[in-house]
Amino acid sequence: MRLAGQLAVASVFLLAACEQEPVKLELSGETMGTTYSVVALDRTGMLDREAMQAAVDGALAQVNAQMNNWDPNSEISRFNGAEGTEAVPISAELAEVMAAAYQVHERSLGRFDLTLGPVIELWGFGARTAESPVPSDEAISEALAETGQRDVLEFSADAATLRKLRDGTTVYLAAIAKGYGVDAVADALEELGLEDFMVEIGGDLYVAGSNPDGAPWRIGIEKPDAASRTVQEIVELTALGMATSGDYRNYVEENGVRYSHIIDGETGRPITHRTASVTVLAESAMMADAWATAFLALGREQGMEIAEKYEIAAFFIDRDPLGGEGRFETAASPQFAALQARSAAN
């Protein structure tokens, strides 16, 4: 019995010796026209930082090679530049993005539209600088004639093909590819055996497991105030993607009037409703990215109805019409509120 007791004590010390604090690994850089950051916890102490960097670089390089509208040699740029209306085979990764984009397009009443590039470019929010901050009615009408996802583009999920229905149609992936890039990096980290990490690209992010303190990741939602960087709301997340779309930093101005970079596909003009920011939580950063853009285009009233219908976690921040500059009203969908209540309970 005495020997057994000694063995038990020795086993406890052996186990304690094997336990160690996780190694915190951090990476950052530039990609997709913005910046990225990765924070990961290596609980084995065996992961090589260079291997992690290589995995992240490889994932980002592939996404850029397929979906970067500013790279003339990317898959989507080659499709945009091709003449004719024949169906074109596309990669499995681009097909995945297109399938998600078509789902959001249908459910958002067409407000999420991959073919709005001509209008976006016209207002100076694309790759080129607009000649005038505010285009003419005639120019807007001409640009709108080249858009409309249902009318000018055809995607076949079964055949994995994309087809222009009108020669000259272009596909603009800025509102979904960044989120997909986050997911691609997250997948690469999981393949390395990592379970606790946060990946962020230009504000879109995905978190898994726990933060360095062993708790859910705590992420701040920025107040939509261009004059300051303050937090409106803090959310606790794990195994979720998150994206925020706002109208308060990317805009053009003429005669004291600000015009948002979020374009209403029906009018060809920037949104004018009171919703200034929308944050979405979803199982993937790709879906959060797409839905945040769609909801901001829709505005809170229509957006909340759709969020409730499809059980999407969305958080709307509206300008307070009676509160003056810098005053806001917030509203959360039932799914968003439920996720936060669950996190608080844990």
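## Exercises on a predicted model

Helix 4 (residues 92–107) lies across strand 4 and strand 5, and its direction makes an angle of about 115° with strand 4. Keep in mind that you're looking at a predicted model. Grab the structure and let's work through it.

### Exercise 1: the sheet under the helix

Work out in which order the 3 strands of the open sheet are arranged, and which strands stand at the edges.

*Solution.*
- Step 1. Start with the order: it goes 3-5-4, with antiparallel pairing.
- Step 2. Now look for strands with a single partner: these are strand 3 (88–89) and strand 4 (153–156), so each has one side without a neighbour in the sheet.
- Step 3. Zoom in on one pairing. Strand 3 and strand 5 (residues 161–164) are joined by 2 bridges, in the antiparallel sense.
- Step 4. Find P89 and look across: T161 in strand 5 stands opposite.

### Exercise 2: the surroundings of D318

Decide whether D318 is buried or exposed, and find the side chains with which its own side chain makes polar contacts.

*Solution.*
- Step 1. Locate D318: you'll find it in strand 16 (residues 313–319).
- Step 2. Check the accessibility. Buried means under 20% relative accessible area. D318 has 3%, so it counts as buried.
- Step 3. Look for polar partners. The side chain of T275 is 2.9 Å away, and a polar contact of 3.4 Å leads to the side chain of R300.
- Step 4. Widen the view, skipping residues up to four places away in sequence: D318 also touches other residues, including A276, F328 and E329.

### Exercise 3: comparing salt bridges

The structure holds 10 salt bridges. Take the pairs R300 with D318, E236 with R218, and E26 with K24, and describe where the partners sit and how accessible they are.

*Solution.*
- Step 1. For R300 and D318, the closest N and O atoms are 3.4 Å apart. R300 belongs to helix 10 (residues 300–309) and D318 to strand 16, so this pair ties together parts 18 residues apart in sequence. R300 is partly exposed at 27%, while D318 is buried at 3%.
- Step 2. For E236 and R218, the closest N and O atoms are 3.4 Å apart. E236 is in strand 9 (residues 231–237) and R218 in strand 8 (residues 217–222), with their positions 18 residues apart in the chain. E236 is partly exposed at 25%, and R218 is exposed at 54%.
- Step 3. For E26 and K24, the closest N and O atoms are 4.0 Å apart. E26 is partly exposed at 45%, and K24 is partly exposed at 46%.

Methods
Residues are numbered from 1 along each chain as its sequence is written. This is a predicted model: local features need pLDDT of at least 70, side-chain atom pairs count only at pLDDT 80 or more; totals for chains, interfaces and linings use all residues. Side-chain values use heavy atoms; hydrogens and water are left out. Helices (H or I, at least four residues) and strands (E, at least two) are DSSP runs, numbered from the N terminus. Buried means under 20% relative accessible area, exposed over 50%, partly exposed in between (1.4 Å probe, protein chains only). A polar contact is a pair of N or O atoms within 3.5 Å; within protein, one must be able to donate a hydrogen and the other to accept it, and residues adjacent in sequence count only if both atoms are side-chain atoms. Contact means heavy atoms within 4.5 Å. Two strands pair if DSSP finds at least two bridges between them. Axes are lines fitted to C-alpha atoms, for helices over the stretch in contact, and angles run from 0 to 180 degrees between N-to-C directions. A salt bridge is a side-chain nitrogen of Lys or Arg within 4 Å of a carboxyl oxygen of Asp or Glu.
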